[in-house]
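Subject: Structure handover

Hi there,

Here is the structure I promised to pass on to you. Have a look at it first, and my notes follow underneath.

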Amino acid sequence: MLGAVFMALLDSTVVNVATPAIRTDLGTTGSALQLIVSGYTVAYAALLVTGARLGARHGFRTLFLTGLVTFTAASLVCGLAPGAAVLVGARAVQGVGAALLMPQIYSLIQLRFQGAARARALSLYAAVIGLGVVVGQLAGGLLVSADLFGAGWRPVFLVNVPIGAALVLAAPRLLPKGRPEHAKSLDLPGLITLTAALLLLVVPLVLGHERGWPLLAQASLVLAVPAFGLFALVERVVARRGGAPLLPGRVLRTPGLASGACANFFAMAGYSGFLFSFSQHLQSGLGASATRTGLTFAPLALGVAAGSLTWQKVPERFRRTMIATGCAAAAAGHLGIGLAMRPGGDGGPALPLLHLVVGLGMGYVTSPLLTVALARVEPADAADASGVMTTTAQIAQVLGVAVYGSVYLASAGDQSAPASAHAVFVTALMVAAGALVSALAALTLPRGSRVG
């Protein structure tokens, strides 16, 4: 299960380092690159809760395998894509596959583990999520620079094919068939309105700056507000009629869930948005190779790993403070990176240390935040609670790349080294502010955790 988690999360960021090579090879625009990155997470975010419901109805193992096969096949198409349009479409199908398999993992953990064993399983699950995002940057750089068989950027997607095939062969023998006794119905009206609202918000954010913010883009952003309002109204109607809304009020009222989702949103939005922007700066602004770009994030990966694997040593009563402190550390690290890059150089010896600080901060946020926020969820609500937290993280990644990526691209102009460095500084200020909002949200989490 964790192998599939790692593959799906790695694929959400492995493309970041490959985007300059994709741009050169396929002749894409900056906004097309953002769609290649965000198309995956839009589909992923919109379908996560539905994927959880389908698993509850048809069996977790069945949906896990369906998602895994879909994801692996789409990875093959991505690796062979002849143009940007096919690549964007295949990335969206990858997101569909990930949305079908990922919720089953959390549901199986909730159903198969109890007490301290569940806490350890959730901790490993969250640690793999944090590591997958960063290792994607490293793997992307190494694979692009290796230029295996003259394939350039394509191995960043093709590497999923043998991994996915091995997991497909192993899953039927290793995974239980479990499903809840009472499966919840699908919420198709909620799914349609949520997807429409996300597209109205994300697409103009991605395309608007490059096209001079045409009237259609402005209108789309304005319409996104009532679209999300319509989604909330649809959810209430579904609940009143005895259905099962995508975001059930009872689950959202679970102590710690709303606070955890808010903290998770701002932390992941800044994290993913800055990874995208900083990758662009290193390669397009400074002319760094893909290998150097990937290795630049090695201290970040080390920090995430260290934090993710040691946070359980902190007593429960201090974990809320620990999460808030981790967010504050990430804010300080991002701000430091912006200041270090502002003169237009490569950041010097301070850059690895600052990346380590950001990684440690995120390691002490992502793993414990998921555990603490979901600790009081009843087993019957496991699928929905998992969907809420994971959907929040994925929407955050979409908006992070769209918003922070657009800020960077708009500020970078011709992407000369000085302009790109200034754009990194501006982006870092915004990311640091968001991390502080995450810290404030974390301070409202319940003290301690009660894992049932």
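Four helices each supply at least two residues of the lining of the largest pocket: α8 (188–207), α9 (215–240), α11 (257–285) and α16 (382–412). Please keep in mind that this is a predicted model. Of the helices, α16 gives the most to that lining, with 5 residues. In total, 14 residues line the largest pocket, and the space in it comes to about 400 Å³. If you want a place to centre a view, Leu247, Phe265, Thr391, Thr392 and Ile395 are the lining residues that lie nearest the pocket's centre. What is the chemical make-up of the lining of the largest pocket? It has 12 nonpolar residues and 2 polar ones, with no charged residue.

Next, the aromatic rings. How many aromatic pairs does the structure hold? There are 5. One of them is formed by Tyr40 and Phe71, whose rings sit edge-to-face, 6.3 Å centre to centre with 75° between the planes. This pair links distant parts of the chain, as Tyr40 belongs to helix α2 (residues 30–58) and Phe71 to helix α3 (residues 60–80), 31 residues apart. Both Tyr40 and Phe71 are buried.

Trp153 and Phe157 make another pair, and here the geometry is worth spelling out. Their ring centres are 6.1 Å apart, and their planes stand at 85°, so the pair is edge-to-face; the cut-off for that label is an angle over 60 degrees. Are these two rings buried or exposed? Trp153 counts as buried because its relative accessibility is 1%, and Phe157 counts as buried because its value is 0%. The cut-off for buried is under 20%.

Elsewhere, Phe274, Phe278 and Phe297 are joined into a cluster by ring pairs. There is also a contact between a charge and a ring: the charged end of Arg342 sits over the ring of Phe425, at 4.1 Å from the ring centre.

One last helix for your list is α13, which covers residues 298–310 and so has 13 residues. From its first C-alpha to its last, α13 reaches 18 Å, close to the 18 Å expected at 1.5 Å a residue. The buried residues of α13 are Pro299, Leu300, Ala301, Gly303, Val304, Ala305, Gly307 and Ser308.

Happy to talk any of this through whenever it suits you.

Best wishes

Terms used
Residues numbered from 1 in each chain as written. Predicted model: local features only at pLDDT ≥ 70, side-chain atom pairs only at ≥ 80, totals over all residues. Heavy atoms only, no water. Phe/Tyr/Trp six-rings, centres within 6.5 Å; stacked < 30°, edge-to-face > 60°. Buried < 20%, exposed > 50% of the residue type's maximum accessible area, 1.4 Å probe, protein only. Lys NZ or Arg CZ within 6 Å of the ring centre and 35° of its normal. 1 Å grid on protein atoms, 1.4 Å probe; cavity = no way out; pocket = protein on both sides within 12 Å on 5 of 7 lines; lining within 4 Å. Points joined across faces, edges and corners; volume = space filled by probe spheres on them. Nonpolar A, V, L, I, M, F, W, Y, C, P; charged D, E, K, R; others polar. Expected span 1.5 Å × (residues − 1).
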